[in-house]
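Trainee: I would like to learn how to read a model like this one, feature by feature. Could we go through it together, starting with a helix and what surrounds it?

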Amino acid sequence: MAQPTGRRPGWGRGAVALAAATLAAPLVAACGGSAGGGVTLTVYYPPEQHFQNVIDQCNEQANGAYHIVDLTAPRDADGQREQMVRRLAAGDTSLDILGVDVTWTPEFASAGWIVPWTGANEAEAKNDVLAGPLASATFDGKLFAATKHTNVQLLWYRDDLVSKPPSTWDEMIADAQQLKSQKKPYKISFTGAQYEGLVVGFNTLTASAGGKLVSDDGTKAVVDDGAVQALAMLKKFATSGVTDAGLSSAQEQQTALLMESGDAAFELNWPYVYASMQQDKPDLFPHFKWTRYPSMTPGGQSRVTIGGENLAISAYSQHKDEAFKAALCLRSPKMQDYSAVNDGVPPTVASVYDAPDMAKAYPMKDDIKAELATAASRPITPAYQNVSTIMQNLLSPPSAIDPQSTAAAMKQAIQDALDSKGVLP
């Protein structure tokens, strides 16, 4: 499941070059000390084009107390988790700071692979952090990671085709059908492939309908009427003649490219697509606008699934004190501002949204903050990987969904996953 939670896909040459340049990092990380006399710390983190610049700034600020080395993780989330789990399960002491997807916190914390943040470190990590992102780093009442960046999806549309953006899914589908009848670009671009991106969309629809998939304590499958409504909307969307033929194989990149190709009138995707459109299609960019994610009902409000990345400290790190300090630097307000502007990853610290350079890079920042205020989390359970795999299978292809029977099958399968039966990650 590539890039499912709001990480910006690394399309640029710089990201590829950075990944290649850091392949030798494990050899460096094997040493306990650095040339400057301090300890060497590894940060296991997915490709982010300008992250090395962040590391360089933190190394300079450390004044020799530590030296951070980037151990670049695989590009896709499945590969990241697989490699990290294998190394942590083996008690690998060469990992210090871990880039943790927002859905992994309960699993890693329950397994004892990451340690809680306490005292002054916890206070600094929580300072001025928005509620939604902070919840994604918390499990069982404890903070297990420091938030680095967050994300929510928006509705992107072309204002040369749509004078007033739709506020509900039904309106969006009707608008697309009208454009189609006028032989204009009409498609709604959506992540419909069998991967985490489809789960993100379904979870947003479920939460927006007031529904729930798993109980708050993470022990019982719920899959209530709100989930049935979400399934019905996915079915309607997929069979209304407003999607691309490649819906069932579309991930974030394909979703963005469909809009850039000029074939789509609407796109449901993360904010990084704004910069991508500006760079790739400058002729179309002036008509590329945004609004809040559509709701399920007129007058209702969408609750959009939160994404992002947090920084956790490995339980097996031999340099935990330095690792906490380094992680705090890597996700400091200053660095979040830099990463937001240069890598398209929205900050978790509220005050960063008011930074002068954010207005130009993030003209949609107010809508992002508004959605974060009511953001939805995916089911919070150590078994989330299994739960997600089950939902991916049952939701794909969306056109084959039968709301009632799919919901019943999903509820039973999720309960089996919560009870450690059936599907394995």
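Mentor: Let us begin with the packing of one helix, bearing in mind that this is a predicted model. The buried residues of α4 pack against two strands, β1 (39-45) and β3 (97-101), and against two helices, α5 (105-110) and α17 (384-395).

Trainee: Which residues of α4 are the buried ones?

Mentor: They are Ala77, Gly79, Gln80, Arg81, Met84, Val85 and Leu88. After the helix comes Gly91, a residue with a positive phi, near 70°.

Trainee: How does the distance between the end C-alpha atoms of α4 fit its 13 residues?

Mentor: Helix α4 covers residues 77-89, and because a helix is reckoned at 1.5 Å a residue, a span of 18 Å is expected; the end C-alpha atoms are 18 Å apart, which agrees.

Trainee: Moving on to the interior, which residues touch the most other members of the largest nonpolar core?

Mentor: That core has 76 residues, and those that touch the most other members are Trp169, Phe190, Phe202, Phe266, Met391, Leu395 and Ile414. Helix α10 (residues 225-238) gives the most to this core, contributing eight residues. Apart from this core lies another, of 50 residues, which includes Val39, Tyr44, Tyr66 and Ile114.

Trainee: What is Phe202 in contact with, once its neighbours within four places in sequence are left aside?

Mentor: Phe202 is in contact with Leu213, Ala227, Ala230, Leu231, Leu234, Met391, Leu395 and Met410.

Trainee: How should I read the aromatic rings?

Mentor: In general, a pair of aromatic rings is described by the distance of the centres and the angle of the planes. In this model, a search of the whole structure finds 13 aromatic pairs, and ring pairs link Trp156, Tyr274, Phe285, Phe288 and Trp290 into a cluster.

Trainee: And how does one look for empty space?

Mentor: The general idea is that rolling a probe the size of a water molecule over the atoms shows where empty space is left. Here, the second largest pocket has a volume of about 390 Å³. Its lining is made by 20 residues, of which Lys212, Asp216, Ala376, Ser377 and Arg378 are the closest to the centre. Two elements, α7 (131-136) and α9 (196-208), give two or more residues to this lining, and the largest share, three residues, comes from α9.

Trainee: Let us turn to the loops. Is Val102 buried or exposed?

Mentor: Val102, which is found in the loop between β3 and α5, has a relative accessible area of 10% and is therefore buried, the cut-off being under 20%. Leaving out residues up to four places away in sequence, Val102 touches Ser136, Ile306, Gly307, Gly308, Glu309, Asn310 and Arg378. For one of these partners, Gly308, the C-alpha atom is separated from that of Val102 by 6.0 Å, although the two residues are 206 residues apart along the chain.

Trainee: Where does Tyr195 lie, and why does it count as buried?

Mentor: Tyr195 lies in the loop between β8 (187-189) and α9, and its relative accessible area of 2% is why it counts as buried. The C-alpha atoms of Tyr195 and Glu124, which are 71 residues apart along the chain, are separated by 35 Å.

Trainee: Why does Ser240 count as buried?

Mentor: Ser240 is found in the loop between α10 and α11 (252-260), and its relative accessibility is 18%, so it counts as buried under the 20% cut-off. With residues up to four places away in sequence not counted, Ser240 touches Ile173 and Gln177.

Trainee: Finally, what should I look for in the backbone angles?

Mentor: Consider phi before omega. Asp140 has a positive phi, near 55°, in a residue other than glycine; Asp140 is found in the loop between β4 (138-139) and β5 (142-143), and at 66% relative accessibility it counts as exposed. Lys183 is not a glycine either, yet its phi is positive, about 60°; its place is in the loop between α8 (169-181) and β8, and Lys183 is exposed, with a relative accessible area of 79%.

Trainee: And what is the omega of the peptide bond from Ser396 to Pro397?

Mentor: Omega is near -10° there, and the bond is cis. Pro397 has its place in the loop between α17 and α18 (403-418).

How values were computed. Residues are numbered from 1 along each chain as its sequence is written. This is a predicted model: local features need pLDDT of at least 70, side-chain atom pairs count only at pLDDT 80 or more; totals for chains, interfaces and linings use all residues. Side-chain values use heavy atoms; hydrogens and water are left out. Helices (H or I, at least four residues) and strands (E, at least two) are DSSP runs, numbered from the N terminus. The expected span of a helix is 1.5 Å times one less than its number of residues. Buried means under 20% relative accessible area, exposed over 50%, partly exposed in between (1.4 Å probe, protein chains only). Contact means heavy atoms within 4.5 Å. A nonpolar core is a set of buried Ala, Val, Leu, Ile, Met, Phe, Trp, Tyr and Cys residues joined through side-chain atoms within 4.5 Å. Rings of Phe, Tyr and Trp (its six-membered ring) pair if their centres lie within 6.5 Å; planes under 30 degrees apart count as stacked, over 60 as edge-to-face and the rest as tilted. On a 1 Å grid over the protein atoms alone, a cavity is a set of points where a 1.4 Å probe fits but cannot get out, and a pocket is an open set with protein on both sides within 12 Å along at least five of seven lines; lining residues have an atom within 4 Å of a point. Grid points are joined across faces, edges and corners, and a volume is the space filled by probe spheres set on the points.
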